[in-house]
Amino acid sequence: MSIAIYIAVMAGVTYLIRMIPLTFFRRKIKSRFFKSLLYYIPYAVLSAMTIPAIFYSTGDMVTSVVGTVIAVILAYFNLPLIVVALAAAATAFLTGLII
């Protein structure tokens, strides 16, 4: 019985998250500040969810930091995502073997 309550609460929260913006923002948003705030929210939320997972993914902070540094450097040079991801994972793995 309690799992049905959990599912109902999750469904309600999901519905409210999608319905509230449609209810409050019926007109076009004209504020440049608010538009830019809404533009960057997905990137901020994604970063807030991803960065902690990156640093605790290997179980060793040193290997995670080295892999992240390599990923940032390769991303700076506009390499494809698959190259960045594979190089970062390989670097973290090889660092773990060395340390």
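Ile 73 has a relative accessible area of 40% and is therefore partly exposed, since that class lies between the cut-offs of under 20% for buried and over 50% for exposed. This residue belongs to a predicted model, and its place is in helix α3. From Ile 73 the reader may move outward to the surface around it, and then to the chain as a whole.

Ile 73 is one of the residues of a nonpolar patch on the surface. The other members are Tyr 56, Met 61, Val 65, Val 69, Tyr 76, Phe 77, Leu 79, Ile 82, Val 83 and Leu 86. Together, the residues of this patch have about 1,100 Å² of accessible area. Two helices, α3 (61-76) and α4, each supply at least two residues to the patch. Helix α3 makes the greatest contribution, with five residues.

Two members of the patch, Tyr 76 and Phe 77, also form an aromatic pair, and both subjects deserve a closer look. Tyr 76 is exposed, as is Phe 77. The structure holds four aromatic pairs. One of them joins Tyr 39 and Tyr 43 in a tilted arrangement, with 5.9 Å from centre to centre and 55 degrees between the planes. The pair formed by Tyr 76 and Phe 77 is edge-to-face, with 5.4 Å from centre to centre and 80 degrees between the planes. The two labels follow from the angles, because planes over 60 degrees apart count as edge-to-face, those under 30 degrees as stacked and the rest as tilted.

The tyrosines of the tilted pair lie in helix α2 (residues 32-55). Tyr 39 and Tyr 43 are four residues apart in this helix, so about one helical turn separates them. Tyr 43 counts as partly exposed, because its relative accessibility is 48%. Ring pairs also bring in Tyr 40, so that Tyr 39, Tyr 40 and Tyr 43 are linked into a cluster.

Between α2 and α3 there is a loop, and Gly 59 is found in it. With a relative accessible area of 73%, Gly 59 is exposed. Gly 59 and Arg 18 are 41 residues apart along the chain, and their C-alpha atoms are separated by 36 Å.

Thr 95 offers a contrast in exposure. This residue lies in helix α4 (residues 81-98), and its relative accessibility of 13% means that Thr 95 counts as buried. Apart from neighbours within four places in sequence, Thr 95 is in contact with Thr 63 and Val 66.

The whole chain can now be considered. It contains four helices and zero strands, and along the sequence the pattern reads α-α-α-α. The radius of gyration is 20 Å, well over the 13 Å that the globule rule gives for 99 residues, so the chain is more spread out than a compact globule. Along the principal axes, the C-alpha atoms fill a box of roughly 55 × 45 × 20 Å.

Burial and contacts complete the picture. Of the 99 residues, 11% count as buried, and Thr 95 is one residue with that label. The chain exposes about 8,500 Å², of which carbon and sulfur atoms supply 76%. Among contacts between residues at least 6 apart in sequence, 33% join residues at least 24 apart.

Terms used. Residues are numbered from 1 along each chain as its sequence is written. This is a predicted model: local features need pLDDT of at least 70, side-chain atom pairs count only at pLDDT 80 or more; totals for chains, interfaces and linings use all residues. Side-chain values use heavy atoms; hydrogens and water are left out. Buried means under 20% relative accessible area, exposed over 50%, partly exposed in between (1.4 Å probe, protein chains only). Contact means heavy atoms within 4.5 Å. Patches are made of residues with over 30% relative accessible area and no salt bridge: like charges are joined within 9 Å, nonpolar side chains (Val, Leu, Ile, Met, Phe, Trp, Tyr) within 5 Å. Accessible areas come from the Shrake-Rupley method with a 1.4 Å probe; for residues, only the protein chains shown count as cover. A salt bridge is a side-chain nitrogen of Lys or Arg within 4 Å of a carboxyl oxygen of Asp or Glu. The radius of gyration is taken over C-alpha atoms; the globule rule is 2.2 Å times the number of residues to the power 0.38. Rings of Phe, Tyr and Trp (its six-membered ring) pair if their centres lie within 6.5 Å; planes under 30 degrees apart count as stacked, over 60 as edge-to-face and the rest as tilted.
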